[in-house]
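Here are my notes on the model you sent over. I've gone from the overall fold down to a few individual residues, so feel free to skip to the part you need.

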Amino acid sequence: MKIEQKINYQLNKFPAIKKVVKRAYQLGMYAISPKIKSEGNIKRISPGDNKEYFFGYYDKSPWDATDRYMLCVRANNTWSDVSPKETADILLIDTEKADDDPQRIKKIAKTHAWNVQQSCMLQWLGPDFRSRILYNDYRDGKYCSVILTLDTMKEQLIPAPVYSVSVDGKSALTLDFSRLYNLRPGYGYYNVPEKTKGQGLPDATAIWKIDLEAGKVSDLLTYKDFADFRPRAEMQEEGSVHKVNHIMLSPNGERFMVLYRWFNGQRKYTRLITCNTDGTDMYVLSDDDMVSHCCWKNNCEILAFENKRKTGPGYYLMTDKTQNYIHCWPQFSNDGHPSYSPSRNMIVTDSYPNRARIASINVMDGNEKKKENSTVVRVFAPFKYDNDTRCDLHPRWNHMGDKICFDAVFEGHRGLYYAEIKKKD
């Protein structure tokens, strides 16, 4: 582990001090580092005005099934607040039209429930990924999600926001976005007061299941279900605070993974849990205290960045319901957002800004045992976008597997971009 990482892991125990030390270090290193704005075969999709444009998270694609139309969020300010108290526009971009064509970009909706990291969970809805979109909103004093049919502009309101949606578009899982807002700024919504505020381990639902066809929401698991499953002493300490985050359904929709986290003061613990979508057969896949961004390779394997006690930080490919894993690409010891191409023969991930404020996108072979990688994008991250309002690249594949979309701020504001890559047969 590099000396910077060792210091970073120690400073994680003291977030306020970490911000000060991190900023001072980066300012100093940036001053003496070579300056670049961007490198790579990059094309901007969003307009070149001074509005803020972005898509959201790395676990879904902004492209429809034809790779012609793209979804995008437009906002006025994404650097002052993690969940701005203003509406954001939802745009449909026709990439086959010229940049100066007034028909290229169409505003199709707006949302009152969004944040700077995952937007409003905007996405194309399966199984066709071309006729309907889904996004979260706040209406009549409650969170909801909206299924919008583009041909008719008819809405179906679902009485809960979504977090992870099944490939067939029939069901979803969700969590408490208000608790998430209070415990993890940048990922929750501010609109509704948290009902469990002040409760470290609430006797309340942590994960709900949503029937998107019927519009019905049902309780699935509570915080105590997680705390009581193979409990550790740290979970039981007085004053510990518990939450869940980063739910991801498996490709077949039969299981899901979730990060179960608890805090003892400034000390954070994370478990990677897998479970059937009916709440049964829970399994602790990783219990090494630090696990971060993950993705399903298939219905039984998960790629995750974590810090394993025996082998240190890196990407690990794990087999569900076993303790079998392999350490992938040892050259990557810093966190990123990984995903597999549609054919599963390539993997993309990104990096956070380095000491010179440069973030990168890297592509690897779908065979995780191969150690090589190719850097396809490098972009500058201005200090204006940092900490909770930072702009992660969140790389995402198109359906053909020859383009990677990402959010970036190297032009001075958030923009939606893509890079063309050589498709692997």
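**Notes on the model**

1. Strands E2 and E29. Let's begin with one pairing: E2 and strand E29 (residues 415-420) run antiparallel and are joined by 3 bridges. Lys43 has Tyr418 as its bridge partner in E29. Keep in mind throughout that this is a predicted model.

2. The sheet around that pair. E2 and E29 belong to an open sheet of 4 strands, ordered E2-E29-E28-E27, with antiparallel pairing. Strand E2 (42-44) and strand E27 (396-397) are the edge strands; each has a single partner strand, so one side of each has no neighbour in the sheet.

3. Overall make-up. Stepping back, the protein has 5 helices and 29 strands. Its C-alpha atoms fill a box of roughly 60 × 55 × 45 Å along the principal axes. Is the chain's size what you'd get for a compact globule, or not what you'd get? For 425 residues a compact globule would have a radius of gyration near 22 Å, and the protein has 21 Å, which agrees.

4. Burial and surface. Of the 425 residues, 55% count as buried. The protein exposes about 18200 Å², and carbon and sulfur atoms supply 50% of that area. As for contacts with a separation of 6 or more, 53% of them come from residues 24 or more positions apart.

5. The largest nonpolar core. This core has 56 residues, and the members that touch the most others are Ile207, Leu212, Phe226, Phe256 and Leu272. Strand E16 (residues 255-264) gives the most to this core, with 6 residues. If you want one residue to click on, try Ile207: leaving out residues up to four places away in sequence, Ile207 touches Leu173, Thr174, Asp219, Leu220, Leu221, Phe226, Val244, Ile247, Phe256 and Val258.

6. A second core. There is also a separate core of 30 residues, which includes Phe55, Cys120, Leu416 and Tyr418. You've met Tyr418 already, as the bridge partner of Lys43.

7. Another open sheet. Strands E7, E8, E9 and E10 form an open sheet of 4 strands in the order E7-E8-E9-E10, with antiparallel pairing. Strand E7 (123-124) and strand E10 (154-158) stand at its edges with a single partner strand each, so one side of each lacks a neighbour in the sheet. Strand E8 (residues 132-139) and strand E9 (residues 142-149) pair in the antiparallel sense over 8 bridges. To find your place in that pair, look for Asp137, which stands opposite Cys144 in E9.

8. Strand E5, a covered strand. How many residues of strand E5 (residues 88-94) are buried? The count is 7 of its 7. In a regular strand, side chains alternate between the two faces of the sheet. In E5, Ala88, Ile90, Leu92 and Asp94 point one way, Asp89, Leu91 and Ile93 point the other way, and all are buried. Note that the list includes Asp89 and Asp94.

9. The partners of E5. Strand E4 (residues 69-75) pairs with E5 in the antiparallel sense over 6 bridges, and Val73 stands opposite Ile90 in E5. Strand E6 (residues 105-111) also runs antiparallel to E5, joined to it by 6 bridges. In E6, Thr111 is the bridge partner of Ala88.

10. Glu194. This residue is found in the loop between helix H3 (177-183) and strand E13 (205-211). Is Glu194 buried or exposed? Its relative accessibility is 12%, under the 20% cut-off, so Glu194 counts as buried. The side chain of Glu194 makes a polar contact of 2.9 Å with the side chain of Arg179 and another, of 2.6 Å, with the side chain of Asn182. Setting aside neighbours within four places in sequence, Glu194 is in contact with Ser178, Arg179 and Asn182.

11. Thr205. Thr205 lies in strand E13 and is buried, with a relative accessible area of 14%. Beyond the residues up to four places away in sequence, Thr205 touches Asp219, Leu220, Leu221, Thr222 and Tyr223. The side chains of Thr205 and Asp219 are joined by a polar contact of 3.5 Å. Thr111, the residue from E6 mentioned above, is 94 residues from Thr205 along the chain, and their C-alpha atoms are separated by 25 Å.

How values were computed. Residues numbered from 1 in each chain as written. Predicted model: local features only at pLDDT ≥ 70, side-chain atom pairs only at ≥ 80, totals over all residues. Heavy atoms only, no water. Pairing = 2+ DSSP bridges. Helix = DSSP H or I, 4+ residues; strand = E, 2+ residues; numbered from the N terminus. Core = buried A, V, L, I, M, F, W, Y, C linked by side-chain atoms within 4.5 Å. Buried < 20%, exposed > 50% of the residue type's maximum accessible area, 1.4 Å probe, protein only. Contact = heavy atoms within 4.5 Å. Rg over C-alpha atoms; globule rule 2.2 N^0.38 Å. Areas by Shrake-Rupley, 256 points an atom, 1.4 Å probe, with all protein chains shown as cover. Polar contact = N/O pair within 3.5 Å; in protein donor to acceptor, adjacent residues only side chain to side chain.
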